[in-house]
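Ready for some hands-on practice with a protein model? Work through each exercise yourself before reading the solution below it.

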Amino acid sequence: MSRRFCYIIFLFCFFLLGTTLFYYQIVKGDYFSSRARNNYMHVLPIVSLRGDILDRTGEKIAYDRPVFNVAVIPHHIIAKREKLFSDLSELSGCKKTTIERNYRTLMTNHFSPVNVITDIDKSDAIALMEAFPEDLIINPTPKRFYSMPYEFSHVLGYVKEANVFYDKLKKYGYKPLERVGISGIEEYYDSYLKGEDGGDLVEVNAQGSVVGYIGQRSAIKGKNIKLTLDSGIQKAAYDVLGSRRGVIILMDSSTGALLSMVSSPAYNPNYFIKGSNTGSFLLDKNAPMLNRALKSAYPLGSVFKPIIAVEALMSHIISSGTQFNCTGSFKLGRAVFKCMHVHGIQDLRQALAHSCNVYFNNVGMLMGADRITSAAYRFGFGNYTGIDYPNESKGVVPSKEWKRKNIKTAWYGGDTVNFSIGQGYFTVTPIQALIAVNAIFNGGYLVRPYFISEIGGENAEITARKYIGTDSRFLDIVKNGMWDAVNTDTGTARLLKKLGFSIAGKTGTAQTRGKAHGWFVGNIKNNGLSYSICVFLENAGSSSEAVKVCYEFLDELKRKELL
Amino acid sequence: MKIRLRTEYIVVICVLVLNCIGLMSLYSSLHHAGMFSGRDIFYRQLMWMAMSWVALIIVSSINYRTFHDRSYLFYGLNILLLFAVLFIGHESMGAQRWLSLAGFTFQPSELSKITAILVLARCFAAVRPENMRRYFFIALGLIMFNALLIIKQPDLGTGLTLPILFMLMGFSSMIKKRYFIILSLLVCMTIPFAWNFLKPYQRDRLTVFVNPNVDPLGAGYTIIQSKVAIGSGGIAGKGFLSGTQNQFNFLPERHSDFIFTVVAEEWGFLGSLFLLFIYWIILSKILDKSKELKDNYARYLLMGIAAMIFIHVFVNIGMTLGILPVVGIPLSFISYGGTNLLMTMILIGLFLGACRE
C-alpha cells in the first residue's frame, strides 16, 4: 500500500485550484470586479423633459406629454418569456415580433427593465399590469407631441431617441435614451431644448428590485423656445398652398424675423415620433420631407430683374430714363430669345412692371456676365443666408470661371442673355430670393432671416444685416417699377391691388424641365410695418398661379386680421 | 505518543476552524440586502453542528474494529435505506433523495459515503496476491451497485463520488494497477453512450460547462455568476457581509453547494488560499497518520476518509470555478446541509478512533 498516489493527486488538484483562483482573482480580478459592479449598480435613467416650442403668441406647438411603456426584467422572466410575450401580444394587440424585437434591441443587461411595449395609454398599461402584476413594470416616459404637425413640420423637424443612431452620437456624449432633434429647430437648437437627463443610481438584486439608493441626479428640463412664427399665419399659408408643391415665406422686412415659412407638401412629425406610417412620407415622389424654402435651389427667372436693375443703375450703365424697344424677341447672332409680349418702347420702370425680357437682355449684354455675377453675389445669392436652420442650400451663381470648371465649356453670349433674366445655370433658394428682394425695400440691407425669439424666457433675437452699398435713389427707381407691377392695370401682379395693402413686388416665371416655376416676391406695408413675402410654386406653369396664391394668402390674413 | 496526540489535536483544531468559517459564511450568505433573512436555516445548521460533534465524540470512542467487523452489515443497511428512498422517500427539487425520520429529513446517499469507505477498506485490507482478482471484483460490484442506486434518485454528484473513491483507494492498494487502468479505459469508452442516460438538466449542465455563454440566463447563469463572484473578490476580498454578488442575491444555492463563492468574494484570494491550506493540513495529517498505523484496515480507512474529504473539496471548488461541471456536491464542513456535515464529522470521528487504538 502506498500513500504516494493519493498525495500526488491531492497536491496536483489543490495546485490546480490555487492557480485557477490566482487567475480569476488576481489576473482577471478587475474584469470580474466591474462585472460584479454592473450586476448590482444601475442607473435608472430619468429622461429629461425637452423644452417646449412656442409661436410668437405663446401657443405651444411642440411639447412633451407622458406616455406609458411596459417593461420586463430579463432575468425575472427567463423561464416564461415565450408565454408571457404571447399573452402580452394577445392582450395588448401589439405584435409579438415587435415585442421580441424591442426586447432584443433594448436589453442592456439581464437586470434592468426593458421596454417591450412602448407608447400606450395609461388605462391599457394599467390593464396589462393587472393581468401580470409579477412580471411587468410600468415606465412612464415623456413623448414629443406636435400640435400643428403639418403646418410646422419643416420648420420644427422632429426628435428620435439617440439609440437609433447611437454609434454616431455617442462620441458627442448622448445617452441611448436621450432624444435628439432631427432637422429644423429641434436639431438647430437641440443643445438648448434637450435639457439634462438625470438618473437614480441604485443597487438592485438579482430579482431586479431596488434594494438601495446610492444617489440621484434629477433631470433638468430643457429651455423653452419661442419662435417669431405665428401659428395663425402658418396655418393660413399651409391651407392656401393646399395640394400644391411650393413655399410661402413671410418676413419682417427690417429685422429678418420670419413670421411664416411653409413648404408644401408637408409631413406629420408625430408619425416619426411614434415610428409608424413614415414610409408614405419617405417614398412619396413629391418629397414631402424636403423643405423647399431653403434646402432646394430653383431658377429664379424674372425676379432677378430688379436686382439686375439696381446693379445697372449703380454702375451707371443705364439710368431711369434709358429706353429699349421690345419687338417681341431679342436676337444675338442667329439665336432668338423671346419675350412674353411685344412691349414696344419701355423705360426701366415699365420694363419692371411688365417684366419685359428684351429690356433686360439688352441691359445684361451691356453689363456683361462678370457684372451680373457680382450683382448676384452682392444680393446674397450663392451664399448662406445664415438662417438658424441646419443645412440650408447655397444655390448656384454661375460665372465664366464656374462654367469652365463645372460644365467644361466657354461662356457664350447666350449665357449672358439667359443670366440677365435669371435663367440658365443660376439657381437660388426661395429664402435667398426673399432676402435679396427685401434689400430693395429696407434701404439696401441683406438681413439674416431667423426663427428664434426667446430662449428660456430671455430675448434671443439677433438682427444681423449687411449693407449692399447702394444709393437709395437707385432703390427707389426699382421700387417704383415693382410698385407698378402690382398697382397698374398692365402690371404682372395687378391682382394684388384689390387687397388694399400697399404692395410692391416682382413676378417670375422660371423656365425649367417640365412646367415653369411660378414666383412672386414682394413687399407689403400695412399699419406702419413692412413685410416681405415670397411665394414659390414648383412647376405651377406660370407666375400668375403664384400671384393668385399670394392673393389668397394675404386675403386670408386680412380677413383674420393677422397682419 | 506525544507526536500522535499532536496530529489529532491539529486535525481537531482545523475542523473547529472550518466550522467557524462555515458558520460565518453561512451567516453572510443568508443575508439579503442587509437583512438576516435566513435565520431558521442558520439555527438549524447550528443544531446539526452540535449533533455532529456529539456523533464525532461517540464514534471516536468506539473501537474502530467494531466497524471493521460490521462493514458489510452497515453496507447492507445503507442499501436498504436507499431502496426505501426509492419507494417512500420524499421528493424535493425534482429528485427523490430524502427520508423523513421523526421530523428530521436526511439523505441516505450521504450515509453511503461512510459505508463505502468501510466496505472498501475491508476489501482492500483483505487483499492477498492470490485473491487479488476476487476482491477487486467484489469491491467494484458493491460500489457500482451502491452508486447506481444513488444515481437513480437522481443524484449524479454523490453517485460519482463512490467510483472516484474506489479508484483513489484502489490505486493505493495491493491490487495490480493494470486492473484499474483497464477499468478506466473501459469507462472512458462508455462515456459517449452514457450521454443518452443523462437527464435533460444534466446534459444542460455539461453543455454549459463547456461553454456557459450558451445559455447565460438559464443553465449557464449559476456558473457565470459564480465566477464573477469569485473573481471580483480580488486579493483581499470585499469584506465580511459585503460581497455584492452574495448580498444582492445574484448567486443561487450560495448557502449550500456554492458557499465557496461567498468565502472567495468576501475574503478574496488570501481567504480562499487560507481555506485550501486548512483542508490541506487535514488531508496531509490524515495521510501521514495512515503511514504510522500498523493495522491494514485502519490505514485504508484513513486513506478513504482523506479521499472522501478531498473529493468533496476538489469537486465542489472546481465546480464553482468552472473547471468541473456542476454536480450537487457540498463543500465539507462549510456548506449548509445537516446530513453531509454529520457524515463528515463521523469520518473525523472514525479517524480519531483509529488513531486512538
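**Exercise 1.** Does Asn539(A) count as buried, exposed or partly exposed?

*Solution.* Keep in mind that you're looking at a predicted model.
- Start by finding the residue: Asn539(A) sits in the loop between β23 (529-537) and α21 (543-559) of chain A.
- Next, count its surroundings: Asn539(A) has 17 C-beta neighbours inside 10 Å.
- Now apply the cut-offs: buried needs 20 or more such atoms, exposed needs 12 or fewer, and partly exposed is in between.
- So Asn539(A) counts as partly exposed.
- While you're there, check the backbone: Asn539(A) isn't a glycine, yet its phi is positive, at about 50°.

**Exercise 2.** Find Asn391(A) and decide: is Asn391(A) buried or exposed?

*Solution.*
- Look in the loop between α16 (369-378) and α17 (400-406) of chain A, where Asn391(A) lies.
- Count again: 11 other C-beta atoms are within 10 Å of Asn391(A).
- The limit for exposed is 12 or fewer, so Asn391(A) is exposed.
- Its phi is positive too, at about 60°, although Asn391(A) is not a glycine.

**Exercise 3.** Which peptide bond leading into Pro265(A) is cis?

*Solution.*
- Go to the loop between β12 (258-264) and α11 (269-274) of chain A, where you'll find Pro265(A).
- Step back to Ser264(A): the bond from Ser264(A) to Pro265(A) is the cis one, with omega near -5°.

**Exercise 4.** Draw up a short profile of each chain, covering helices, strands and buried residues.

*Solution.*
- Chain A has 21 helices and 23 strands.
- Of the 563 residues in chain A, 47% are buried.
- Chain B has 14 helices and 5 strands.
- Of the 357 residues in chain B, 50% are buried.
- For contacts, take pairs with a separation of 6 or more: in chain A, 70% of them involve residues 24 or more positions apart, and in chain B 69% join residues at least 24 apart.

**Exercise 5.** How do the axes of α3 (residues 81-92) and α5 (residues 122-131) of chain A cross?

*Solution.*
- Two numbers set the scene, since two packed helices are described by the angle between their axes and the distance between the axes.
- Here, the axes of α3(A) and α5(A) come within 11 Å and cross at roughly 145°.
- The handedness of this crossing is right-handed.
- Then list who touches whom: α3(A) brings Leu88(A), Leu91(A) and Ser92(A), while α5(A) brings Asp124(A), Leu128(A) and Ala131(A).
- Sort those residues and you get 4 nonpolar, 1 polar and 1 charged.

**Exercise 6.** Which helix gives the most residues to the largest nonpolar core?

*Solution.*
- Begin with the core itself, which has 129 residues.
- Those with the most contacts inside it are Leu120(B), Leu165(B), Leu301(B), Ile305(B) and Ala306(B).
- The biggest giver is helix α13 (residues 296-320) of chain B, with 18 residues.
- A separate second core has 124 residues, including Leu54(A), Phe324(A), Ile387(A) and Val447(A).
- Zoom in on Ala306(B): leaving out residues up to four places away in sequence, Ala306(B) touches Cys6(A), Leu283(B), Ile286(B) and Leu287(B).
- For background, nonpolar side chains tend to be buried together in soluble globular proteins.

**Exercise 7.** Check the span of α13(B) against what its residue count predicts, then see how well covered α13(B) is.

*Solution.*
- At 1.5 Å a residue, the 25 residues of α13(B) should span 36 Å.
- The end C-alpha atoms of α13(B) are 36 Å apart, so the two values agree.
- As for cover, 23 of the 25 residues of α13(B) are buried.
- Just after α13(B) comes Gly322(B), with a positive phi of about 80°.

**Exercise 8.** Describe the side of chain B that touches chain A.

*Solution.*
- First, the counts: 43 residues of chain B are in contact with 38 residues of chain A.
- Next, the elements: those giving two or more residues to this side of chain B are α7 (156-171), α10 (221-232), α11 (244-247), α12 (259-292) and α13 of chain B.
- The largest share, 11 residues, comes from α12(B).
- By type, this side of chain B divides into 26 nonpolar, 14 polar and 3 charged residues.

Methods. Residues are numbered from 1 along each chain as its sequence is written. Chains are lettered from A and ligands numbered from 1 in the order in which they are written. A nonpolar core is a set of buried Ala, Val, Leu, Ile, Met, Phe, Trp, Tyr and Cys residues joined through C-beta atoms within 7 Å. Helices (H or I, at least four residues) and strands (E, at least two) are DSSP runs, numbered from the N terminus. Two residues are in contact if their C-beta atoms, placed from the backbone, lie within 7 Å. Ala, Val, Leu, Ile, Met, Phe, Trp, Tyr, Cys and Pro count as nonpolar, Asp, Glu, Lys and Arg as charged, and the others, Gly among them, as polar. Axes are lines fitted to C-alpha atoms, for helices over the stretch in contact, and angles run from 0 to 180 degrees between N-to-C directions. A crossing is left-handed if the near helix is turned anticlockwise from the far one by less than a right angle, and right-handed if clockwise. The expected span of a helix is 1.5 Å times one less than its number of residues.
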